[in-house]
Amino acid sequence: MLTFPCAKINLGLNIIAERADGFHDLETVFYPVPLTDVLEIKHMDPDFPSATPCDLKVTGNAVDCDEAQNLVVKAYQLLAAEYEIPRIHAHLYKRIPSQAGLGGGSSDGAFMIRLLDERFRLNIGIAEMERHAARLGSDCAFFITAEPSFATGRGEVLEPADGPRGNLKGYWLALAKPNVAVSTREAYAQIRCQKPAKSCRDIVRQPIETWRRELTNDFETPVFKAHPVLADIKQRLYDLGAVYAQMSGSGSAIFGIFRQEPAGLAQAFLGLFTHCARL
């Protein structure tokens with residue numbers, strides 16, 4: 001049985017306050033985008049010699065993570081602790097780049113919960129699946145429905161983000177990611193927590209022409225200072241005609257939103273991961 005874990009972008013990202021548990025309160029709009037991994041599960045033969053009940057194979061893009069620590073396996077373990085689930089083989093084909101701020105690992109874990117629920121008829125329900133997913137990571141709960149969402153708390157408190165002028169259907173999305181690893185911990189250490197004058201949820205309901213002036217990602221200032229190439233990529237997306245461009249999450253992917261399919265994207269970013277799709 002197959003499923004296709006999708007990536008996300010952040011439309012605005014503001015770090016509001018430090019929390020007593022060591023995390024931070026934030027505000028962001030999660031938006032799903034048509035760049036996906038592929039996840040497949042199959043029953044494991046009773047005689048197959050596996051030390052683990054979830055035998056995971058990862059292909060495609062390299063993942064800097066032991067397969068036993070992959071969120072796909074952790075999602076299986078989470079549900080297997082409460083439900084009767086047989087041993088399985090899982091195959092994850094990675095297309096979403098890692099350390100990009102696109103939520104690829106979180107999506108894989110959440111979609112595994114969805115896949116197990118559907119394949120083995122666990123009848124968990126969306127709210128309960130979101131609760132399980134939030135235990136895997138702060139943004140995992142979003143991927144249970146993968147609908148545009150205004151996220152608060154650590155990113156696990158979700159509300160609908162749709163608005164009369166906030167629908168990006170028909171626009172084009174371009175992504176560019178260099179071979180740059182951003183330390184989220186170091187980026188957070190340089191953030192001065194502050195509630196913005198206007199919520200990103202309100203801004204994305206405005207005409208998209210106003211976003212460049214008002215919709216901000218608090219991580220851009222420290223991350224662009226440490227990695228100037230990312231600021232250059234953002235400017236080049238504007239030069240190609242983007243209506244809006246921003247770093248996603250804590251980086252290092254930069255996205256641009258265009259009215260028409262951008263010409264010359266691959267040529268403008270030779271040697272970088274690029275992806276272009278209609279929203």
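# Exercises on a predicted model

In this predicted model, His 275 touches Pro 34, Leu 35, Arg 95, Leu 173, Ala 174, Leu 175 and Leu 265, leaving aside residues up to four places away in sequence.

**Exercise 1.** Work out in which strand His 275 lies, whether the residue is buried or exposed, and which backbone oxygen lies 3.0 Å from a polar atom of its side chain.

*Solution.* Begin with the position: His 275 belongs to strand 12, which covers residues 273-278. Next, take the relative accessible area, which is 15% for His 275; because buried means under 20%, this residue counts as buried. Finally, look at the side chain, where a polar atom of His 275 lies 3.0 Å from the backbone oxygen of Pro 34.

**Exercise 2.** Describe the sheet that contains strand 12, giving the strand order, the edge strands and the bridges between strand 9 and strand 12.

*Solution.* The sheet is open and has 4 strands in the order 10-11-9-12, with antiparallel pairing. Its edge strands are strand 10 (244-247) and strand 12, each of which pairs on one side only. From one strand to the next, the twist averages 15°. Strand 9 (residues 172-177) and strand 12 run antiparallel and are joined by 6 bridges; one pair to look for is Leu 173 with its bridge partner in strand 12, Ala 277. To complete the picture, find helix 9 (residues 228-239), which lies across strand 9, strand 10 and strand 11 (254-258) and runs at about 10° to strand 11.

**Exercise 3.** Find the residues at which UniProt places the feature "active site", and determine how far apart they are in space and which pocket they help to line.

*Solution.* The unreviewed UniProt entry places this feature at Lys 8 and Asp 139. Although the set is spread over 132 residues of sequence, it clusters in space, with a largest C-alpha distance of 9.9 Å. Both Lys 8 and Asp 139 are part of the lining of the largest pocket.

**Exercise 4.** Examine Lys 8 and Asp 139 in turn, stating for each where it lies, whether it is buried or exposed, and what its side chain reaches.

*Solution.* Take Lys 8 to start with: this residue is located in strand 2 (residues 6-18), and it counts as buried because its relative accessibility is 4%. The side chain of Lys 8 reaches the backbone oxygen of Gly 101 at 3.0 Å. Among the residues that Lys 8 touches are Phe 30, Gly 103, Asp 139 and Ser 248.

Turn then to Asp 139, which is found in the loop between helix 3 (126-136) and helix 4 (142-145). With a relative accessible area of 17%, Asp 139 is buried. Its side chain is joined to that of Ser 106 by a polar contact of 2.5 Å. The contacts of Asp 139 include Lys 8, Phe 30 and Gly 155.

**Exercise 5.** Describe the sheet to which strand 2 belongs, and identify the bridge partner of Asn 14 in strand 3.

*Solution.* Here 4 strands form an open sheet in the order 2-3-7-8, and the pairing is antiparallel. Strand 2 and strand 8 (157-160) are the edge strands, each pairing on one side only. Neighbouring strands of this sheet are turned by 25° against each other on average, with direction ignored. Strand 2 is joined by 11 bridges to strand 3 (residues 24-36), and the two run antiparallel. Within strand 3, Glu 27 is the bridge partner of Asn 14.

Technical notes: Residues are numbered from 1 along each chain as its sequence is written. This is a predicted model: local features need pLDDT of at least 70, side-chain atom pairs count only at pLDDT 80 or more; totals for chains, interfaces and linings use all residues. Side-chain values use heavy atoms; hydrogens and water are left out. UniProt positions are given in the numbering used here, feature names are shortened, and annotations may be inferred rather than shown by experiment. On a 1 Å grid over the protein atoms alone, a cavity is a set of points where a 1.4 Å probe fits but cannot get out, and a pocket is an open set with protein on both sides within 12 Å along at least five of seven lines; lining residues have an atom within 4 Å of a point. Buried means under 20% relative accessible area, exposed over 50%, partly exposed in between (1.4 Å probe, protein chains only). Contact means heavy atoms within 4.5 Å. A polar contact is a pair of N or O atoms within 3.5 Å; within protein, one must be able to donate a hydrogen and the other to accept it, and residues adjacent in sequence count only if both atoms are side-chain atoms. Two strands pair if DSSP finds at least two bridges between them. Axes are lines fitted to C-alpha atoms, for helices over the stretch in contact, and angles run from 0 to 180 degrees between N-to-C directions.
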